[in-house]
Amino acid sequence: MGPATAEATYATPVSAEIDAFDLPVEGALPPELCGDYIRNGPNPRPGAKPGHLFMGDGMLHGIRIENGRARAYRNRWVRTREFTEHAPYVRMNGTLDLTVGVANTNIIGHGNRLLALVESSFPTEVTRELATTGVYDFAGALKGPFSAHPHRCPRTGELHGFGMQMRPGALTYYRIDAGGTLLESRNIPVRSATMMHDFALTERYAIFMDLPVVFDMLLGMRGKFPYRWNDRYGARLGVVDRNDASAAVRWFEIEPCYVFHVMNAVEHGEQIVLDVVRYKELWRKGNDSFSPTTLHRFTIDLQTGSVSEATLDDRSIEFPRCDERLTGSAYRYGYAVAVDAVGKGSGEVRKYDLARGSSSAHPFGPGQRPGEAVFVPAAAGEDAGWLMCYVYDAAVDRSSFVVLDASDIAAPPVAIVPLPVRVPLGFHGNWIADDATAN
Ligand SMILES: [Fe+2]
(Lines give C-alpha, C1' and ligand atoms only; values in the text may rest on other atoms or scores of the structure.)
Protein backbone atom coordinates (compact mmCIF):
# COMPACT_ATOMS: atom_id res chain seq x y z
CA MET A 1 0.00 0.00 0.00
CA GLY A 2 1.50 3.35 -1.05
CA PRO A 3 1.96 6.18 1.42
CA ALA A 4 -0.92 8.31 0.10
CA THR A 5 -3.26 5.33 0.24
CA ALA A 6 -2.09 4.42 3.72
CA GLU A 7 -2.81 7.94 4.92
CA ALA A 8 -6.25 7.94 3.34
CA THR A 9 -7.10 4.57 4.84
CA TYR A 10 -6.00 5.62 8.32
CA ALA A 11 -8.42 8.53 8.12
CA THR A 12 -11.28 6.40 6.77
CA PRO A 13 -14.02 5.78 9.33
CA VAL A 14 -14.91 2.22 10.27
CA SER A 15 -18.42 1.13 9.33
CA ALA A 16 -19.22 -1.37 12.07
CA GLU A 17 -19.27 -1.77 15.83
CA ILE A 18 -17.62 -4.93 17.06
CA ASP A 19 -16.79 -6.84 20.24
CA ALA A 20 -13.71 -9.03 20.47
CA PHE A 21 -12.85 -10.99 23.59
CA ASP A 22 -9.68 -12.44 25.12
CA LEU A 23 -7.27 -10.96 22.64
CA PRO A 24 -3.75 -12.31 22.10
CA VAL A 25 -0.94 -10.42 23.85
CA GLU A 26 2.59 -10.12 22.53
CA GLY A 27 4.97 -9.44 25.42
CA ALA A 28 3.36 -9.05 28.82
CA LEU A 29 0.71 -6.62 30.01
CA PRO A 30 1.74 -5.35 33.46
CA PRO A 31 -0.49 -7.25 35.91
CA GLU A 32 -1.09 -4.13 38.00
CA LEU A 33 -2.91 -2.50 35.08
CA CYS A 34 -6.61 -3.10 35.66
CA GLY A 35 -8.99 -0.82 33.86
CA ASP A 36 -10.06 0.46 30.48
CA TYR A 37 -8.16 2.51 27.93
CA ILE A 38 -10.76 4.41 25.90
CA ARG A 39 -10.09 6.73 22.98
CA ASN A 40 -12.51 9.05 21.23
CA GLY A 41 -12.50 10.38 17.67
CA PRO A 42 -14.72 11.45 14.79
CA ASN A 43 -16.14 8.55 12.80
CA PRO A 44 -18.98 9.70 10.54
CA ARG A 45 -21.68 7.02 10.24
CA PRO A 46 -22.04 5.29 6.88
CA GLY A 47 -23.89 7.53 4.46
CA ALA A 48 -23.19 10.70 6.44
CA LYS A 49 -22.67 13.82 4.38
CA PRO A 50 -18.92 14.47 4.04
CA GLY A 51 -17.88 17.25 6.37
CA HIS A 52 -14.99 18.67 8.36
CA LEU A 53 -12.95 16.16 10.37
CA PHE A 54 -14.01 17.90 13.59
CA MET A 55 -17.73 17.46 12.85
CA GLY A 56 -17.94 13.66 12.54
CA ASP A 57 -19.96 11.51 14.96
CA GLY A 58 -17.90 10.48 17.97
CA MET A 59 -16.80 6.86 18.23
CA LEU A 60 -15.17 5.32 21.30
CA HIS A 61 -12.61 2.53 21.08
CA GLY A 62 -12.10 0.76 24.39
CA ILE A 63 -9.83 -2.04 25.51
CA ARG A 64 -10.39 -3.82 28.82
CA ILE A 65 -7.16 -4.85 30.60
CA GLU A 66 -7.30 -7.09 33.66
CA ASN A 67 -4.58 -9.03 35.50
CA GLY A 68 -2.27 -9.18 32.50
CA ARG A 69 -4.99 -10.13 30.07
CA ALA A 70 -6.65 -8.18 27.26
CA ARG A 71 -10.21 -9.13 28.08
CA ALA A 72 -12.10 -7.21 25.43
CA TYR A 73 -11.97 -4.63 22.68
CA ARG A 74 -15.10 -2.84 21.55
CA ASN A 75 -15.98 0.24 19.57
CA ARG A 76 -19.23 2.20 19.78
CA TRP A 77 -20.63 5.37 18.33
CA VAL A 78 -21.70 7.78 21.04
CA ARG A 79 -25.51 7.81 20.83
CA THR A 80 -25.90 11.57 20.92
CA ARG A 81 -29.15 13.22 19.87
CA GLU A 82 -27.30 14.22 16.73
CA PHE A 83 -26.61 10.53 16.02
CA THR A 84 -29.94 8.98 17.00
CA GLU A 85 -32.42 11.71 16.02
CA HIS A 86 -30.44 13.90 13.61
CA ALA A 87 -31.42 16.66 16.03
CA PRO A 88 -30.22 20.11 14.83
CA TYR A 89 -27.54 21.93 16.85
CA VAL A 90 -28.80 25.28 15.54
CA ARG A 91 -32.54 25.71 16.21
CA MET A 92 -34.92 27.35 13.76
CA ASN A 93 -34.68 30.59 15.76
CA GLY A 94 -30.88 30.62 15.51
CA THR A 95 -30.17 29.61 19.11
CA LEU A 96 -27.95 26.63 19.93
CA ASP A 97 -29.21 23.38 21.46
CA LEU A 98 -26.40 22.31 23.78
CA THR A 99 -27.99 18.90 24.28
CA VAL A 100 -27.00 18.19 20.68
CA GLY A 101 -23.36 17.52 19.82
CA VAL A 102 -21.08 14.93 18.29
CA ALA A 103 -19.16 14.12 21.53
CA ASN A 104 -16.11 13.21 19.43
CA THR A 105 -13.05 14.73 21.06
CA ASN A 106 -12.16 13.28 24.44
CA ILE A 107 -13.35 10.99 27.21
CA ILE A 108 -12.63 11.56 30.87
CA GLY A 109 -13.53 9.93 34.15
CA HIS A 110 -14.57 12.18 37.02
CA GLY A 111 -16.92 11.90 39.98
CA ASN A 112 -17.78 8.28 39.13
CA ARG A 113 -18.91 9.20 35.65
CA LEU A 114 -17.39 8.78 32.21
CA LEU A 115 -17.98 11.80 30.01
CA ALA A 116 -17.50 11.97 26.24
CA LEU A 117 -16.73 15.56 25.33
CA VAL A 118 -16.87 18.00 22.44
CA GLU A 119 -16.30 21.68 23.11
CA SER A 120 -19.48 22.98 21.49
CA SER A 121 -22.00 21.16 23.69
CA PHE A 122 -22.84 19.56 27.02
CA PRO A 123 -20.95 16.35 27.95
CA THR A 124 -22.43 12.93 27.11
CA GLU A 125 -22.24 10.27 29.82
CA VAL A 126 -21.24 6.75 28.78
CA THR A 127 -20.48 3.47 30.57
CA ARG A 128 -17.25 1.47 30.65
CA GLU A 129 -18.89 -0.84 28.14
CA LEU A 130 -19.28 2.25 25.91
CA ALA A 131 -23.08 2.37 26.06
CA THR A 132 -24.46 5.91 26.01
CA THR A 133 -26.32 7.01 29.14
CA GLY A 134 -27.27 10.46 27.86
CA VAL A 135 -26.53 14.17 28.01
CA TYR A 136 -24.94 15.22 31.30
CA ASP A 137 -25.24 18.82 32.52
CA PHE A 138 -23.95 18.40 36.10
CA ALA A 139 -27.46 18.04 37.51
CA GLY A 140 -28.66 21.16 35.73
CA ALA A 141 -25.80 23.36 36.96
CA LEU A 142 -24.08 23.63 33.56
CA LYS A 143 -25.55 26.44 31.46
CA GLY A 144 -23.11 26.63 28.55
CA PRO A 145 -20.86 24.43 26.41
CA PHE A 146 -18.10 22.44 28.14
CA SER A 147 -14.56 22.06 26.78
CA ALA A 148 -13.11 18.73 25.71
CA HIS A 149 -9.98 19.60 27.72
CA PRO A 150 -10.76 20.03 31.41
CA HIS A 151 -7.84 19.41 33.79
CA ARG A 152 -7.87 17.73 37.17
CA CYS A 153 -5.90 19.45 39.91
CA PRO A 154 -3.80 16.74 41.57
CA ARG A 155 -3.72 18.70 44.86
CA THR A 156 -7.45 19.15 45.35
CA GLY A 157 -8.95 16.49 43.09
CA GLU A 158 -11.09 19.21 41.54
CA LEU A 159 -11.81 19.24 37.85
CA HIS A 160 -11.29 22.63 36.23
CA GLY A 161 -12.73 23.37 32.82
CA PHE A 162 -14.18 26.07 30.66
CA GLY A 163 -16.64 26.69 27.87
CA MET A 164 -16.54 29.10 24.96
CA GLN A 165 -20.00 30.01 23.82
CA MET A 166 -20.15 30.97 20.17
CA ARG A 167 -23.14 33.32 20.04
CA PRO A 168 -22.57 35.73 21.62
CA GLY A 169 -18.89 35.09 22.41
CA ALA A 170 -18.67 34.29 26.12
CA LEU A 171 -16.07 32.41 28.15
CA THR A 172 -17.00 30.62 31.37
CA TYR A 173 -14.53 29.02 33.77
CA TYR A 174 -15.85 26.00 35.68
CA ARG A 175 -14.71 24.39 38.91
CA ILE A 176 -16.08 20.97 39.82
CA ASP A 177 -15.31 19.23 43.09
CA ALA A 178 -13.76 15.77 43.38
CA GLY A 179 -17.18 14.22 43.73
CA GLY A 180 -18.47 15.77 40.51
CA THR A 181 -20.51 18.73 41.81
CA LEU A 182 -20.21 21.88 39.72
CA LEU A 183 -19.22 24.49 42.34
CA GLU A 184 -18.44 27.58 40.31
CA SER A 185 -19.23 29.05 36.87
CA ARG A 186 -17.23 32.25 36.44
CA ASN A 187 -17.65 34.63 33.52
CA ILE A 188 -14.37 35.76 31.91
CA PRO A 189 -14.90 38.73 29.55
CA VAL A 190 -13.61 38.18 25.99
CA ARG A 191 -13.64 40.27 22.81
CA SER A 192 -15.15 37.63 20.60
CA ALA A 193 -15.73 33.91 20.27
CA THR A 194 -12.49 32.21 19.28
CA MET A 195 -11.62 28.54 18.91
CA MET A 196 -10.38 27.99 22.46
CA HIS A 197 -9.57 24.29 22.64
CA ASP A 198 -7.46 23.82 25.77
CA PHE A 199 -6.30 25.82 28.77
CA ALA A 200 -3.72 25.45 31.52
CA LEU A 201 -3.97 25.05 35.26
CA THR A 202 -1.29 25.83 37.83
CA GLU A 203 -1.36 25.87 41.62
CA ARG A 204 -2.89 29.37 41.78
CA TYR A 205 -3.97 30.23 38.25
CA ALA A 206 -5.95 29.24 35.21
CA ILE A 207 -4.52 30.41 31.89
CA PHE A 208 -6.69 30.91 28.80
CA MET A 209 -5.49 31.30 25.21
CA ASP A 210 -7.42 33.92 23.21
CA LEU A 211 -5.98 33.34 19.74
CA PRO A 212 -6.87 34.58 16.25
CA VAL A 213 -8.90 31.61 14.97
CA VAL A 214 -12.22 33.40 15.22
CA PHE A 215 -15.82 32.24 14.99
CA ASP A 216 -17.40 33.08 11.62
CA MET A 217 -21.15 32.59 11.52
CA LEU A 218 -21.32 32.85 7.73
CA LEU A 219 -19.07 29.80 7.41
CA GLY A 220 -21.32 27.94 9.83
CA MET A 221 -24.43 28.84 7.86
CA ARG A 222 -22.82 27.29 4.78
CA GLY A 223 -22.28 24.05 6.72
CA LYS A 224 -18.53 24.64 7.10
CA PHE A 225 -16.52 24.40 10.28
CA PRO A 226 -17.13 27.96 11.50
CA TYR A 227 -13.64 29.27 12.34
CA ARG A 228 -11.03 31.16 10.34
CA TRP A 229 -7.70 32.90 10.97
CA ASN A 230 -8.07 36.65 11.46
CA ASP A 231 -5.00 38.92 11.12
CA ARG A 232 -6.75 41.77 12.92
CA TYR A 233 -7.67 39.87 16.08
CA GLY A 234 -4.30 39.75 17.84
CA ALA A 235 -3.36 37.10 20.40
CA ARG A 236 -3.20 37.06 24.17
CA LEU A 237 -2.97 34.87 27.23
CA GLY A 238 -5.41 35.47 30.09
CA VAL A 239 -4.46 34.69 33.68
CA VAL A 240 -7.11 34.35 36.37
CA ASP A 241 -6.76 33.58 40.05
CA ARG A 242 -8.29 30.15 40.71
CA ASN A 243 -9.28 31.04 44.23
CA ASP A 244 -10.60 34.58 43.87
CA ALA A 245 -13.77 34.77 41.81
CA SER A 246 -13.80 38.56 42.01
CA ALA A 247 -10.25 39.07 40.68
CA ALA A 248 -10.07 40.50 37.17
CA VAL A 249 -8.49 38.52 34.35
CA ARG A 250 -5.07 39.83 33.33
CA TRP A 251 -4.36 39.68 29.59
CA PHE A 252 -0.85 39.39 28.15
CA GLU A 253 -0.20 40.09 24.46
CA ILE A 254 1.77 37.48 22.49
CA GLU A 255 2.77 36.96 18.86
CA PRO A 256 -0.20 35.71 16.82
CA CYS A 257 -0.23 31.92 16.64
CA TYR A 258 -2.55 29.00 17.29
CA VAL A 259 -2.44 26.36 20.02
CA PHE A 260 -4.73 23.38 20.31
CA HIS A 261 -2.95 21.70 23.23
CA VAL A 262 -1.00 22.46 26.37
CA MET A 263 1.68 20.07 27.62
CA ASN A 264 1.74 21.56 31.13
CA ALA A 265 2.22 24.82 33.01
CA VAL A 266 3.98 25.72 36.23
CA GLU A 267 4.55 28.75 38.43
CA HIS A 268 8.01 29.86 39.46
CA GLY A 269 7.42 32.72 41.90
CA GLU A 270 5.86 35.52 39.84
CA GLN A 271 6.47 33.75 36.55
CA ILE A 272 4.22 31.27 34.82
CA VAL A 273 5.82 28.86 32.37
CA LEU A 274 3.40 27.47 29.79
CA ASP A 275 4.52 24.70 27.41
CA VAL A 276 2.37 24.16 24.32
CA VAL A 277 2.33 22.80 20.79
CA ARG A 278 2.27 25.94 18.62
CA TYR A 279 1.15 26.55 15.05
CA LYS A 280 2.61 29.68 13.46
CA GLU A 281 -0.84 30.17 11.97
CA LEU A 282 -3.92 28.06 11.30
CA TRP A 283 -6.69 28.16 8.71
CA ARG A 284 -5.90 31.40 6.88
CA LYS A 285 -7.31 29.83 3.72
CA GLY A 286 -9.82 27.08 4.31
CA ASN A 287 -9.78 24.95 7.40
CA ASP A 288 -8.84 21.47 6.33
CA SER A 289 -5.06 21.56 6.58
CA PHE A 290 -2.66 21.80 9.47
CA SER A 291 0.77 23.37 9.21
CA PRO A 292 3.81 21.97 11.07
CA THR A 293 4.14 22.73 14.77
CA THR A 294 6.84 23.42 17.33
CA LEU A 295 7.12 22.67 21.02
CA HIS A 296 6.94 26.17 22.45
CA ARG A 297 7.36 27.86 25.82
CA PHE A 298 5.65 31.05 26.97
CA THR A 299 7.04 32.61 30.14
CA ILE A 300 4.59 35.11 31.60
CA ASP A 301 6.08 37.62 34.02
CA LEU A 302 3.28 38.70 36.34
CA GLN A 303 5.36 41.57 37.73
CA THR A 304 6.48 43.23 34.50
CA GLY A 305 3.48 42.18 32.40
CA SER A 306 5.75 40.81 29.67
CA VAL A 307 5.78 37.42 27.96
CA SER A 308 8.91 35.84 26.57
CA GLU A 309 8.69 33.07 24.00
CA ALA A 310 11.07 30.26 23.06
CA THR A 311 11.03 27.30 20.70
CA LEU A 312 11.97 24.19 22.66
CA ASP A 313 11.94 21.87 19.64
CA ASP A 314 11.20 22.59 16.00
CA ARG A 315 10.20 19.07 14.95
CA SER A 316 6.47 18.87 14.35
CA ILE A 317 4.37 17.11 17.00
CA GLU A 318 0.85 16.97 18.39
CA PHE A 319 -1.05 15.43 21.31
CA PRO A 320 1.25 16.58 24.13
CA ARG A 321 0.72 14.88 27.50
CA CYS A 322 2.55 14.72 30.82
CA ASP A 323 2.42 12.76 34.05
CA GLU A 324 -0.84 14.26 35.28
CA ARG A 325 0.12 13.77 38.90
CA LEU A 326 2.18 16.87 38.10
CA THR A 327 -0.44 18.99 36.34
CA GLY A 328 0.43 22.57 37.26
CA SER A 329 3.63 21.58 39.07
CA ALA A 330 7.31 21.50 38.23
CA TYR A 331 7.75 18.66 35.75
CA ARG A 332 10.57 17.24 33.72
CA TYR A 333 9.07 14.93 31.11
CA GLY A 334 6.50 15.46 28.39
CA TYR A 335 5.25 13.12 25.68
CA ALA A 336 3.91 13.73 22.19
CA VAL A 337 3.32 12.09 18.84
CA ALA A 338 5.40 12.92 15.78
CA VAL A 339 4.18 12.08 12.32
CA ASP A 340 6.40 11.34 9.35
CA ALA A 341 9.43 11.39 11.61
CA VAL A 342 10.66 8.11 10.18
CA GLY A 343 9.23 8.09 6.69
CA LYS A 344 6.08 9.01 4.88
CA GLY A 345 3.04 7.79 6.75
CA SER A 346 4.89 6.51 9.80
CA GLY A 347 5.33 8.06 13.17
CA GLU A 348 6.86 7.93 16.60
CA VAL A 349 6.05 8.65 20.20
CA ARG A 350 8.52 11.17 21.52
CA LYS A 351 9.57 11.87 25.08
CA TYR A 352 10.99 15.24 26.05
CA ASP A 353 13.40 15.73 28.92
CA LEU A 354 12.72 19.40 29.56
CA ALA A 355 15.40 19.66 32.24
CA ARG A 356 18.09 18.57 29.83
CA GLY A 357 16.54 20.01 26.69
CA SER A 358 16.76 16.64 24.98
CA SER A 359 14.35 14.07 23.63
CA SER A 360 14.18 10.38 22.83
CA ALA A 361 11.70 8.44 20.75
CA HIS A 362 9.99 5.21 20.02
CA PRO A 363 9.82 5.01 16.23
CA PHE A 364 7.25 2.64 14.80
CA GLY A 365 7.82 0.85 11.51
CA PRO A 366 7.02 2.08 8.01
CA GLY A 367 3.33 2.79 7.57
CA GLN A 368 2.66 2.63 11.31
CA ARG A 369 0.87 5.56 12.90
CA PRO A 370 0.59 6.00 16.66
CA GLY A 371 -2.26 8.02 18.13
CA GLU A 372 -2.02 10.07 21.31
CA ALA A 373 0.10 8.35 23.96
CA VAL A 374 -1.31 8.55 27.48
CA PHE A 375 0.95 8.38 30.54
CA VAL A 376 -0.23 5.95 33.20
CA PRO A 377 1.65 5.97 36.52
CA ALA A 378 3.18 2.74 37.79
CA ALA A 379 4.84 3.92 41.00
CA ALA A 380 5.81 7.04 42.89
CA GLY A 381 8.06 9.37 40.97
CA GLU A 382 7.67 11.09 37.62
CA ASP A 383 8.59 8.85 34.71
CA ALA A 384 7.66 5.64 36.55
CA GLY A 385 4.86 4.53 34.29
CA TRP A 386 3.66 3.40 30.92
CA LEU A 387 2.58 5.07 27.73
CA MET A 388 -0.52 3.64 26.06
CA CYS A 389 -1.75 4.22 22.53
CA TYR A 390 -3.35 2.65 19.51
CA VAL A 391 -1.00 2.21 16.56
CA TYR A 392 -2.35 1.79 13.04
CA ASP A 393 -0.46 -0.45 10.61
CA ALA A 394 -1.23 0.30 6.96
CA ALA A 395 0.32 -2.99 5.80
CA VAL A 396 -2.50 -4.99 7.38
CA ASP A 397 -5.08 -2.18 7.75
CA ARG A 398 -5.49 -2.99 11.42
CA SER A 399 -4.40 -1.41 14.68
CA SER A 400 -2.77 -2.61 17.86
CA PHE A 401 -2.95 -1.45 21.44
CA VAL A 402 0.63 -0.75 22.50
CA VAL A 403 2.15 -0.25 25.95
CA LEU A 404 5.59 1.36 26.22
CA ASP A 405 7.79 1.75 29.29
CA ALA A 406 7.81 5.52 29.79
CA SER A 407 11.17 5.39 31.56
CA ASP A 408 12.78 3.60 28.58
CA ILE A 409 10.78 4.71 25.61
CA ALA A 410 13.19 3.43 22.97
CA ALA A 411 12.95 -0.14 24.27
CA PRO A 412 10.68 -2.65 22.54
CA PRO A 413 7.06 -2.31 23.68
CA VAL A 414 6.18 -3.92 26.99
CA ALA A 415 3.07 -5.34 25.34
CA ILE A 416 1.30 -5.29 21.99
CA VAL A 417 -2.32 -6.37 21.62
CA PRO A 418 -3.19 -6.80 17.92
CA LEU A 419 -6.79 -5.84 17.25
CA PRO A 420 -8.97 -7.40 14.55
CA VAL A 421 -9.89 -3.99 13.12
CA ARG A 422 -8.58 -0.54 12.28
CA VAL A 423 -8.79 2.18 14.90
CA PRO A 424 -8.86 5.18 12.60
CA LEU A 425 -7.22 8.55 13.09
CA GLY A 426 -8.80 10.11 16.15
CA PHE A 427 -8.24 12.47 19.02
CA HIS A 428 -7.91 11.88 22.75
CA GLY A 429 -8.13 8.99 25.16
CA ASN A 430 -7.55 8.19 28.79
CA TRP A 431 -6.83 5.26 31.05
CA ILE A 432 -9.76 4.70 33.40
CA ALA A 433 -8.25 2.63 36.21
CA ASP A 434 -10.60 0.39 38.20
CA ASP A 435 -9.27 1.73 41.48
CA ALA A 436 -8.94 5.39 40.54
CA THR A 437 -10.51 7.31 43.39
CA ALA A 438 -11.23 10.30 41.16
CA ASN A 439 -12.95 8.29 38.46
FE1 LIG B 1 -7.76 18.28 21.71
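Begin by selecting Met-195, Ile-207, Phe-208, Leu-274, Trp-283 and Ile-300, which are the residues with the most contacts inside the largest nonpolar core, a set of 53 residues in what is a predicted model. In soluble globular proteins, nonpolar side chains tend to be buried together.

Keep Met-195 selected and display its surroundings: once its neighbours within four places in sequence are left aside, Met-195 is in contact with Glu-119, Val-213, Phe-225, Tyr-227, Tyr-258, Phe-260, Leu-282 and Trp-283. Then move to Ala-20, Tyr-37, Tyr-73 and Ala-415, which are among the members of a second, separate core of 23 residues.

Next, switch to a cartoon view and select strands β6, β7, β8 and β9, which form an open sheet in that order, with antiparallel pairing. Because β6 (106-110) and β9 stand at the edges and each has a single partner strand, one side of each is left without a neighbour in the sheet. If you look along the sheet, neighbouring strands are turned by 30 degrees against each other on average, with direction ignored.

Starting from the β6 edge, select strand β7 (residues 113-117), which runs antiparallel to β6 and is joined to β6 by five bridges; within this pair, Ile-107 stands opposite Ala-116 in β7.

At the other edge, select β8 (residues 124-126) together with β9 (residues 132-135), an antiparallel pair joined by three bridges, where Val-126 has Thr-132 in β9 as its bridge partner. Finish on the hairpin of these two strands, which has five residues between the strands, and pick out Leu-130, whose phi is positive, near 75 degrees.

Technical notes:
Residues numbered from 1 in each chain as written. Predicted model: local features only at pLDDT ≥ 70, side-chain atom pairs only at ≥ 80, totals over all residues. Heavy atoms only, no water. Core = buried A, V, L, I, M, F, W, Y, C linked by side-chain atoms within 4.5 Å. Buried < 20%, exposed > 50% of the residue type's maximum accessible area, 1.4 Å probe, protein only. Contact = heavy atoms within 4.5 Å. Pairing = 2+ DSSP bridges. Helix = DSSP H or I, 4+ residues; strand = E, 2+ residues; numbered from the N terminus. Axes fitted to C-alpha atoms, helices over the stretch in contact; angles between N-to-C directions.
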